[in-house]
Amino acid sequence: MDICRRDGAVEISDLDPFLAELLRQIPTSADPEGIPAVEQRLFSAPADSSENEVCKEWKLYVEPELRRLFQSATETVGEDLKQLCGKEKSFANRTLHIPTQHMDAWLNALNQARLALAAKHNFTDTELGDHNRSPVGSRRDLSLFQINFYGFIQEFLLRDLDAREEQT
Amino acid sequence: MSGERRRGRATAVRGNAGSTLYEPILALDQTTGPATIERPATETETESEEELDLPWLVVVHNDPVNLMTYVTMVFQRVFGYPREKAERHMLEVHQNGRSVLWGGMRERAEFYVQQLHGHLLLATIEKSR
């Protein structure tokens, strides 16, 4: 896999089918699926429970806004990921272009997916710091690999944003 | 007269939280007698009013999943902090488990917390004590 900036977009090329599939799973992975631990992390409380009024108002007015924001980000990413759809049996490596104006949506959706996976599997700090674990083994190993892979993409996007800001 | 005193002390309490009004009001108490005698009872009386005026803090809590570079970027965007300041807060969160990013009026504090949640950071508002 190669990742670089080309013609005003971030280009991820030479994507093998496995990594392409992991990218395709971003929107699905970001979905809380009604799992309480994930819901709790993505929609965490804005204050200590003693601040009843703040928490109630938040639930009523802010949380729906956040849900819309997160959904909009995953939808944008989902649209971009259509570039990776095609003949699934083909082993030809694929290329994905992320337009500059979609960068924020990508950062958000990748973060949603990473947080949701971490909450779902309740990874320890030690596990989260293990960047060399093979994805082969269990669903848990694969999820940890996913978190690290998405983190790698996030890191690149952040550096790219930084470089752009320095240029302007 | 007693009304004046109460208002005076209420402000003095607020002064303890950092207001510049503290000294002149303390001087007013000194002219009308030893302030230390009556102060405890009056402070209790005005506590709830004072609570309304307490500044609210925006606190960000540590999360081992969020990338350090990401957290720094969010602080820069949400608060308009320069990179060095944003990094300082990010490291404080990382090392101490939390960092106070901002303090002030409740409405503004809630706005900041909403922005931080929009970027999926663990953030809360707290009353300053």
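In this predicted model, the buried residues of helix α5 of chain B are Y70(B), V71(B), T72(B), M73(B), V74(B), F75(B) and V78(B). The cover over these residues is drawn from both chains: α5 and α7 of chain A contribute, together with α6 (83-96), β2 (98-104) and α7 (106-118) of chain B, among what covers them. The helix itself comprises 12 residues, 68-79, of chain B. At 1.5 Å a residue, α5(B) should span 16 Å, and because its end C-alpha atoms are 16 Å apart, the expected and computed values agree. Just after α5(B), G80(B) adopts a positive phi of about 70 degrees.

Helix α6(B) was examined in the same terms. With 14 residues at 1.5 Å each, α6(B) should span 20 Å; the C-alpha atoms at its ends are 19 Å apart, which agrees. A86(B), M90(B) and V93(B) are buried in this helix. Viewed down the axis of α6(B), the buried residues fall within an arc of 60 degrees, so they line one face of the helix. The face turned away from this buried side carries the exposed residues E84(B), Q95(B) and N96(B). The buried residues of α6(B) are covered by elements including β1 (56-61), α5 and β2 of chain B. Helix α6(B) thus appears among the elements that cover the buried residues of α5(B), and α5(B) among those that cover the buried residues of α6(B). Just after α6(B), a positive phi of about 90 degrees is found at G97(B).

Between the two chains, 21 residues of chain A are in contact with 16 residues of chain B. On the side of chain A that touches chain B, at least two residues each are supplied by α4 (52-80), α5 (103-121), α6 (125-128) and α7 (139-167) of chain A. Of the elements of chain A, α5(A) gives the most to this side, with five residues. By class, the side of chain A that touches chain B consists of 12 nonpolar, five polar and four charged residues. Two of the contributing helices, α5 and α7 of chain A, also belong to what covers the buried residues of α5(B).

The secondary structure of chain A amounts to seven helices and three strands. Read from the N terminus, its elements follow the order β-β-α-α-α-α-β-α-α-α. The three strands form an open sheet in the order β1-β2-β3, with antiparallel pairing. Strands β1 (2-6) and β3 (94-99) of chain A are the edge strands, each pairing on one side only. On average, and with direction ignored, neighbouring strands of the sheet are turned by 20 degrees against each other. Strand β1(A) is joined by five bridges to β2 (residues 9-15) of chain A, and the two run antiparallel. Within chain A, R5(A) stands opposite V10(A), a residue of β2(A).

At the level of the whole chain, the C-alpha atoms of chain A fill a box of roughly 55 × 45 × 30 Å, taken along the principal axes. Chain A has 168 residues, of which 27% count as buried. Among its contacts between residues at least 6 apart in sequence, 69% join residues at least 24 apart.

Note on methods. Residues numbered from 1 in each chain as written. Chains lettered and ligands numbered in written order. Predicted model: local features only at pLDDT ≥ 70, side-chain atom pairs only at ≥ 80, totals over all residues. Contact = placed C-beta atoms within 7 Å. Helix = DSSP H or I, 4+ residues; strand = E, 2+ residues; numbered from the N terminus. Nonpolar A, V, L, I, M, F, W, Y, C, P; charged D, E, K, R; others polar. Pairing = 2+ DSSP bridges. Axes fitted to C-alpha atoms, helices over the stretch in contact; angles between N-to-C directions. Expected span 1.5 Å × (residues − 1). Buried ≥ 20, exposed ≤ 12 C-beta atoms within 10 Å, placed from the backbone. Arc of directions from axis to C-beta.
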